[in-house]
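The exercises below ask you to read burial, strand pairing and charge pairing from a single model. Work through each task with the coordinates open before turning to its solution.

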Amino acid sequence: MDNVFNWYIDINGNRCKRYDTYEELLNDLKPNSKLMNFIGHGVFRGQARDWKLVPTLYREVPKKYLDISNTNGDYTYVKQAYNYAEYIDLRMFYKKANDIGLEVPISEIFNWNYLQDDIGSAFSKIDEKINNSFFEDSNFRNLVALAQHYGIKTRLLDWSRDFFVSLYFAARKAIDEILLNSSCLNEDMVIWAFPSDFSYSPCDNNYAPPIKFIVPDYNKNPNIYAQQGVLMYWDNNSLKCNDKYEDPLDLKTNMYYREIEFTETDLAVRFSKIYIPITECIKILEHIDKLGYNTYTLFPGYRGIVNSINEIPDIRKCENIIKSVTDNKVTKNMDFEKINIQNKKITLKCSNYKVSAGDGFILDNVDEWHEIETEATHIAQQADFCIEIRGNSMEPKFLDGDVVLVKKDVEINIGDIGIFELNGEGYIKELGKDCWVSLNPKYKNIYVTENDNYKCFGKVLGKAKVLIKV
């Protein structure tokens, strides 16, 4: 782990690195270390598990205000439902807080009909264009940030300017996840990083993704101040491509560069992901507590003190669960016979047949395999098999001769890359709305009809770092 540039790029264009222990991560966090210089002056987000970067507003279909059961998949109507739900919740938050004298940023957007109780009349006021323009008002942005902090579902995503704050939230939430279902002990916590000075990066400002930040008034809220909170959102007003509200922010960024045909991928602004085993959560909490990061310092006040006392039994119970699993070397959902921990290698079966990144390649007899050894990266450990690419229709992401890692029996969503078969010919393609997409513009997309015979073999996770054939 001595070379911080030993990262890999995942399917969504994120720079990723996995640490086996918290000590390894700390070694890279020393002052002026390569890791800190690499991720730069950024904002960070800690997650107990590898959840998608989707704001709370879009994590489930809003049903409480509009009947969307008969929309027949109307994208525009469903998106309006999200906007409506966000607007109404924010309006009620603003009105009720102001009615009882709590301090809230004064918003002219809500003041114009403050005395009206008919919230249904707001629907005509929040078409996509108007709703997005609300965020041009600084008081409205601060109001949304405040409401988000206290649990209102919005299009904002919470981040922190402090790396160790993100570590705290990842580790603390990991306690709850382990107590809820100990099978997650096979998984990793994730620290996301994004350069807050991305608009001044080597990437031309014209190509910077439409990501914006809201920095709340720290003097108004001690919790947000203690957590160095920052809110991120995708700015629809400055889009150069079509926005898909349900897509994770990292996927949106990756798709954005494709839409504008930005080819200087090494200069493109990327999200970074740091993986740490979830079993390191206790170790992390004990260490950063000594640095002043804990429940009662990040939630200053009597409630934070009480919560820090009440959480002690849960932390000890979680510690015993981790210790029991570690001592007995019992880990679910991971085949340790595959993995050579000492040499960080993994053996995978690889198809004897190649899949086309071109105009098609016969992919019959897919049950014929040989074995390869590859580096035991995080994504390699999730793969069920791998297959070699022939052709260049998926450049620049995948090249002729690359070996890709494939996961079977998982949902393939629009924007995912999969291994497909059409009328006996195999392809590696991106799943589009109504076709299979070639990333190389020199190649046409493939349209599938009801008369075709087709199937999906699995989702492509990324590239394998092949060592030798076995």
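Of the 470 residues of the protein, 49% count as buried, where buried means under 20% relative accessible area, exposed over 50%, and partly exposed in between (1.4 Å probe, protein chains only). The model is predicted, so local features need pLDDT of at least 70 and side-chain atom pairs count only at pLDDT 80 or more, whereas totals for chains, interfaces and linings use all residues. Residues are numbered from 1 along each chain as its sequence is written, and side-chain values use heavy atoms, with hydrogens and water left out.

**Exercise 1. Determine which residues touch the most other members of the largest nonpolar core, and which helix gives the most to this core.**

Step 1. A nonpolar core is a set of buried Ala, Val, Leu, Ile, Met, Phe, Trp, Tyr and Cys residues joined through side-chain atoms within 4.5 Å. The largest one has 36 residues, and Leu25, Met189, Ile274 and Cys281 touch the most other members.

Step 2. Among the elements that each supply at least two residues of this core are α1 (22-27), α7 (163-180), β5 (188-195) and β8 (272-277); α7 gives the most, with 10 residues. Helices (H or I, at least four residues) and strands (E, at least two) are DSSP runs, numbered from the N terminus.

Step 3. With neighbours within four places in sequence left aside, Ile274 is in contact with residues including Trp7, Leu25, Phe163 and Met189, contact meaning heavy atoms within 4.5 Å. In soluble globular proteins, nonpolar side chains tend to be buried together.

**Exercise 2. Describe how β8 is covered, and in which sense β2 and β5 pair with β8.**

Step 1. In β8, 6 of its 6 residues are buried. Ser272, Ile274 and Ile276 point one way, while Lys273, Tyr275 and Pro277 point the other way. In a regular strand the side chains alternate between the two faces of the sheet.

Step 2. Two strands pair if DSSP finds at least two bridges between them. β2 (residues 15-18) runs parallel to β8 over 4 bridges, whereas β5 and β8 run antiparallel and are joined by 6 bridges.

Step 3. Lys273 of β8 can serve as a reference point for both pairings: Cys16 is its bridge partner, and Trp192 stands opposite it.

**Exercise 3. For the salt bridges Arg49 to Glu187 and Lys212 to Asp235, find the N to O distances and locate the partners in the chain.**

Step 1. A salt bridge is a side-chain nitrogen of Lys or Arg within 4 Å of a carboxyl oxygen of Asp or Glu, and by this rule the count comes to 18.

Step 2. For Arg49 and Glu187 the closest N and O atoms are 2.6 Å apart. The pair links distant parts of the chain, with Arg49 in the loop between β3 (42-47) and α3 (75-99) and Glu187 in the loop between α7 and β5, 138 residues apart. Glu187 is partly exposed, because its relative accessible area is 30%.

Step 3. The side chains of Lys212 and Asp235 meet at 3.1 Å, N to O. Lys212 belongs to strand β6 (residues 211-214), and Asp235 lies in the loop between β7 (229-234) and α9 (249-259), 23 residues apart. Lys212 is partly exposed, with a relative accessible area of 40%, whereas Asp235 counts as buried, because its relative accessibility is 6%.
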